[in-house]
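These exercises go through one structure, with a worked solution after each task. Try each task before reading on.

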Amino acid sequence: MLQASYSEIFSAVRKQNPLIHHITNYVTVNDCANITLCTGGAPVMAHAPEEVEEMVQYAGALVLNIGTLDSAQIDSMLLVGKAAARRDIPIILDPVGAGATYFRTKTAQLLMTELPISIIKGNAGEIGVLAGVDAQVRGVDSAGISGDPESITCEFAMRAGITVVMSGPSDIISDGNKTVLVENGHPMMGVISGTGCMAASITGVFNAVSKNRVEACTAALAAFGIAGEKAGVSAKGPGSFKVALFDALANLTPDDMSYAKVRNR
């Protein structure tokens, strides 16, 4: 029955073609735009303070990514986030590199304090740092976390009042009451840059059409993982895998959600 729910959300994505407003990092901006299109959404990458409040009026979700952070970007994120809040659309925060530097950690905390973040999606190190446990981040990659990842994700979600996604070999999703593991994916997804950022974009697309945050996040990450599994069949290496990943997601159908590997905890 859950797979049917995920298929319904995916069908809604393809029918509604939601606009997803991004303020994201310049390393992966093109990947995020293309993965949004392949999923069934429409991307806009607007970051200038002169237009962000106007642009977000058309969006179904807002994705904020601090991967290439600067002070001007923070100002734009606060402006657009408050405008998104007035419209009651979901805000997805990807705290890339939180824990690696004071600047990134404090910015992620500021955004969580000032904006009604709906979903925070990060790797184990980033989520661990923001949850206040012993965790290490090297650059933008997780370098370890102390404690049980499921418990940390659930307790952080409950305390913060948001849906938390901890990405990894098994993606953990929790709103503090319900915790789900998504076990789809392919090892090569971890050896190309941008898959974490792309996952945030896909999460934005699915949450633009469903108010059930846990189900929408689960469906989004399962779809991405299934596409990765399909791409891995023919890929010869990281370059061909990345192209195949876009193609696989673009060709994915709601019926393919029957391959979702989901465990409820």
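**Exercise 1. A residue in a helix**

State whether Thr-105 is buried or exposed, and justify the choice.

Solution. Step 1: the relative accessibility of Thr-105 is 11%. Step 2: buried means under 20% relative accessible area, exposed over 50%, and partly exposed in between, with a 1.4 Å probe and protein chains only. Step 3: Thr-105 therefore counts as buried.

Before going on, note the ground rules. The model is predicted, so local features need pLDDT of at least 70 and side-chain atom pairs count only at pLDDT 80 or more, while totals for chains, interfaces and linings use all residues. Residues are numbered from 1 along each chain as its sequence is written, and side-chain values use heavy atoms, with hydrogens and water left out.

Step 4: place the residue. Thr-105 is found in helix H5, residues 102–114; helices (H or I, at least four residues) and strands (E, at least two) are DSSP runs numbered from the N terminus. Step 5: list its contacts, where contact means heavy atoms within 4.5 Å. Leaving out residues up to four places away in sequence, Thr-105 touches Ala-98, Gly-99, Val-129 and Leu-130.

**Exercise 2. The nonpolar cores**

Find which residues of the largest nonpolar core touch the most other members, and which element supplies the largest share.

Solution. Step 1: a nonpolar core is a set of buried Ala, Val, Leu, Ile, Met, Phe, Trp, Tyr and Cys residues joined through side-chain atoms within 4.5 Å. In soluble globular proteins, nonpolar side chains tend to be buried together. Step 2: the largest core has 48 residues, and Phe-206, Phe-224, Phe-241 and Met-257 touch the most other members. Step 3: elements that each supply at least two residues include helix H1 (2–16), strand S3 (61–65), helix H8 (195–207) and helix H9 (213–234). Helix H9 gives the largest share, 12 residues.

Step 4: take one member as an example. Beyond its neighbours within four places in sequence, Phe-224 is in contact with Ile-35, Met-189, Thr-195, Met-198, Ala-199, Ile-202 and Leu-245. Step 5: a second, separate core has 35 residues, among them Leu-78, Ile-117, Ile-120 and Ala-157.

**Exercise 3. Salt bridges**

Work out which parts of the chain are tied together by the pair Lys-121 and Asp-94, then treat two further pairs in the same way.

Solution. Step 1: a salt bridge is a side-chain nitrogen of Lys or Arg within 4 Å of a carboxyl oxygen of Asp or Glu. By this rule there are seven salt bridges. Step 2: in the pair of Lys-121 and Asp-94, the closest N and O atoms are 3.9 Å apart. Lys-121 lies in strand S5 (residues 119–123) and Asp-94 in strand S4 (residues 91–94), so the pair ties together parts 27 residues apart in sequence. Both residues, Lys-121 and Asp-94, are buried.

Step 3: Glu-229 and Lys-261 meet in a salt bridge at 3.3 Å, N to O. Glu-229 is in helix H9 and Lys-261 in the loop between H10 and strand S11 (262–264), 32 residues apart. Lys-261 has a relative accessible area of 41%, so it is partly exposed.

Step 4: Lys-230 pairs with Asp-256, with the closest N and O atoms 3.9 Å apart. Lys-230 lies in helix H9 and Asp-256 in the loop between H10 and S11, so this pair ties together parts 26 residues apart in sequence. Lys-230, at 37% relative accessibility, counts as partly exposed, whereas Asp-256, at 13%, is buried.

**Exercise 4. Residues with positive phi**

Give the phi value and the location of Asn-17 and of Asp-88.

Solution. Step 1: Asn-17 has a positive phi of about 50° although it is not a glycine, and it lies in the loop between H1 and S1. With 42% relative accessibility, Asn-17 counts as partly exposed. Step 2: Asp-88, also a residue other than glycine, has a positive phi near 60° and lies in the loop between H4 and S4. At 59% relative accessibility, Asp-88 counts as exposed.
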